[in-house]
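Me: I have a structure here that I haven't seen before. Can you walk me through part of it?

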Amino acid sequence: MLFRSDPACLQAGAPDPAGAETGAEALTAREVEVLRLVAQGCSNREIGAHLHIAASTARDHVQDILRRLGVNSRAAAAVAGVRLGYCR
């Protein structure tokens, strides 16, 4: 398989983030899906395969996530995702 699966990260729905306190913008449902896969260490290609989208679309989602969370790396996005309650 091209993707990793972690039930804790793939659960549907995410709590409301504390975005007002952190300066982070709320993520869309699709961005939450992508963020959970990023947190598992998936590449854009693996994210695309898992979500049935092009790798370039996955890349665009990741870039939007980084911007919304105000971070500069995938690792920092994963940490922010855990901190904000998007992923455990």
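Reply: In helix H5, the buried residues (under 20% relative accessible area, 1.4 Å probe, protein chains only) are Ala 58, His 61, Val 62, Ile 65, Leu 66, Arg 68 and Leu 69. They lie on the same side of H5, because their arc around the axis is only 165°, taken from the directions from the helix axis to the C-beta atoms.

Me: Is this model predicted, and what are the ground rules?

Reply: The model is predicted: local features need pLDDT of at least 70 and side-chain atom pairs pLDDT 80 or more, while totals for chains, interfaces and linings use all residues. Residues are numbered from 1 along each chain as its sequence is written, and side-chain values use heavy atoms, without hydrogens and water. Helices are DSSP runs of H or I, at least four residues, numbered from the N terminus.

Me: What do the buried residues of H5 pack against?

Reply: Helix H3 (29-39), helix H4 (44-51) and helix H6 (74-83), with contact meaning heavy atoms within 4.5 Å.

Me: Which residues of H4 and H5 meet?

Reply: Asn 44, Arg 45, Ile 47 and Gly 48 in H4 meet Ala 55, Ala 58, Arg 59 and Val 62 in H5.

Me: New topic. Where is His 52, and is it buried or exposed?

Reply: His 52 sits in the loop between H4 and H5. His 52 counts as exposed, at 74% relative accessibility, where the cut-off is over 50%. Its phi is positive, about 60°, although His 52 is not a glycine.

Me: And what follows H5?

Reply: Gly 70, with a positive phi near 70°.

Definitions and conventions:
Helices (H or I, at least four residues) and strands (E, at least two) are DSSP runs, numbered from the N terminus.
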